[in-house]
Amino acid sequence: MTRPRSVRALLAGVATLAASAGLALGAGGTAHAATPLPTHVFAPYFEAYNGDSPAALSQASGAKYLTMAFLQADKKGSCTPYWNGDTSTPVDASVFGSDFTTIRSRGGDVIPSLGGYAADNGGTEIADSCTNVDSVAAAYEKIITTYDVSRLDMDVEDNSLTNTAGIDRRNQAIKKVQDWAAANGRSVQFSYTLPTTTTGLADSGLAVLRSAKNAGAKVDVVNIMTFDYYDGATHHMATDTETAASGLHDQLASLYPNLSDSQLWNMVGVTEMPGVDDYGPAETFTTADATTVYDWAVSKGINTLSFWALQRDNGGCPGGSASDTCSGIAQDTWYFSHTFAPFTGGTTTPPANDFTVALSPATASVDPGGTTTATVKTSVASGSAQSVDLAVSGAPSGVTASLSPTSVTAGGTSTLSVRTAASTAPGTYTLTVTGTAGAVRHSSSLALTVNGSGGGTTALTNGDFETGSLTPWTCDSGATVVSSPVHGGSHALKTAPSASQTGQCAQTLTLKPNTSYTLSGWVQGPYAYLGVSGGATASSWTSSASWSKLTVPFTTGSSGTVTAYVHGWYGQGAVYADDLSVG
């Protein structure tokens, strides 16, 4: 989920929790089919690696549902998941089983989560680690039957976002488990927890969902982490949650054009980080933000509301920084849990009269100054045909889009006409056509490519720091250019991590849209991170006393804009960087 204050803290073992009363298993060790989760559920993450009792904190906080973090392999190449990768805490009823039974006795449940930042970074996320799809599927099934759960969460970030083989294996395994569940009369959901920009998923996150669709795997919930944007900006966290989720909604509408507006929103999950997040005070989720997000989540009918993590929901370190055990702001203990808890509940009733909207073609290319068209097709999905009002949105500067007619009876067609100006910037843009009939809305999208070199090719500037200054890098306080140690030339960067900052230096680049690049550079020092955020999300890290080269492949999104960064870690020593480049 999130970078810990110390990577070592996340990998620390958790003592075995022996349960005198385990789950009631049927013949062959198969549990009875689990009870499905509510249509709308508040399920904060629970840090399973610190020895706390899930049942005790669930009762104390009032959070009836918990997302248990994390399950991962103990080493690369393993196909066996353990809690926190610790072989002393296997997937077994004796580990957490008694807690889970107690939680269910109080009307709640748990969602096991696989992956997390450390596993995704280190290659121990089970689908990255295990190269056999059947073995990955068997691991998922064992978790489901051992703990009798109805949802598994896949936390995919960092290196797991660029591991194409792992992404495909994970989705193929999910498909196998869904087929197994259907054959055995079980209700099993899968959620993906992914990093986000303030306007929706980066292309790396969308690639995970595209892979799932290609594999025939159903993604029930896409849960975005609305924190740790790492873009150098000051954020209004509630507003950014709404824009990020709205962007995700539109992306899902493009991927799943036959779903209604309410169905799309019910695929959305949001995970906050109460108080000060890992990036620092510029990303602080306040108590007022919690109320705003709650009201918005109810109004939209999203599926899952969560935060990282339950153990942080207290004011034990006001004025502090990101911590595993407190929020860094003044608050009542369990304030965020109490604010979000009423979100749980509800059902969804399909509309009596429904329709679909689809675009043909769904992609188009046009030269600056040119035109193109697409046909908007509607059909009756259920009930009787009704009048559908059509509107188009998302046209960028220099592009005009219109519909004729703007209203049809379900089953009819309309024409989307798009005209670009000679000055329209090359790139790929998403135009969304939305049909509305009463309270029912459906959308479909056109991926419009404006031809040309596009988007600029502004390469990394002063990556060797030979100017002797930090410009144009934006850095945390204390960073400086030094003459020793250096990798090449006569200068290098020295960062300044502290208890409240990572010592980050960042530079925003405008590259070609939807294009693959590699960020590379030389670093040394404890917990040296090199990565990109914003329009793409990828990173790598090392701890080395001598110069070590890091390479970070990434693919830009439709804007081409990304932020390259280098940093150390909270409370650790200085990190040095030199000869950074993007190519």
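Let me start with one pair of residues: Thr436 stands opposite Arg441 in β21. The two strands involved are β20, residues 427-437, and β21, residues 440-450, and they pair in the antiparallel sense over 11 bridges. Keep in mind throughout that this is a predicted model.

Now the sheet around that pair. β20 and β21 belong to an open sheet of 5 strands, ordered β14-β21-β20-β16-β18, and the pairing in this sheet is mixed. Which strands stand at the edges? They are β14, residues 363-366, and β18, residues 407-409. Each has a single partner strand, so one side of each is left without a neighbour in the sheet. From one strand to the next, the twist averages 30°.

Next, the open sheet of 4 strands. Its order is β13-β15-β19-β17, and here the pairing is antiparallel. The edge positions go to β13, residues 354-360, and β17, residues 399-404; each of them has a single partner strand, so each has one side without a neighbour in the sheet. The twist in this sheet averages 20° from one strand to the next.

Inside that sheet, β15 and β19 run antiparallel and are joined by 7 bridges. β15 covers residues 371-382, and β19 covers residues 413-420. To pick out one position, Ala374 has Leu416 in β19 as its bridge partner.

As a general reminder, strands of a sheet pair through backbone hydrogen bonds, in either the parallel or the antiparallel sense.

Further along the chain there is a hairpin. β26 is joined to β27 through 3 residues. β26 spans residues 516-534, β27 spans residues 538-555, and the two pair in the antiparallel sense over 14 bridges. Ser516 has Thr555 in β27 as its bridge partner.

Finally, confidence. The mean pLDDT of the protein is 88, and 92% of its residues reach 70 or more. Where does pLDDT stay under 50? One such stretch is residues 2-32, for which the model has 85 contacts beyond four places in sequence. Another is residues 453-457, where pLDDT also stays under 50. For residues 453-457, the model has 15 contacts beyond four places in sequence. Where pLDDT is low, the predicted coordinates should not be read in detail.

Note on methods. Residues are numbered from 1 along each chain as its sequence is written. This is a predicted model: local features need pLDDT of at least 70, side-chain atom pairs count only at pLDDT 80 or more; totals for chains, interfaces and linings use all residues. Side-chain values use heavy atoms; hydrogens and water are left out. Two strands pair if DSSP finds at least two bridges between them. Axes are lines fitted to C-alpha atoms, for helices over the stretch in contact, and angles run from 0 to 180 degrees between N-to-C directions. pLDDT is the predictor's confidence in each residue, from 0 to 100. Contact means heavy atoms within 4.5 Å.
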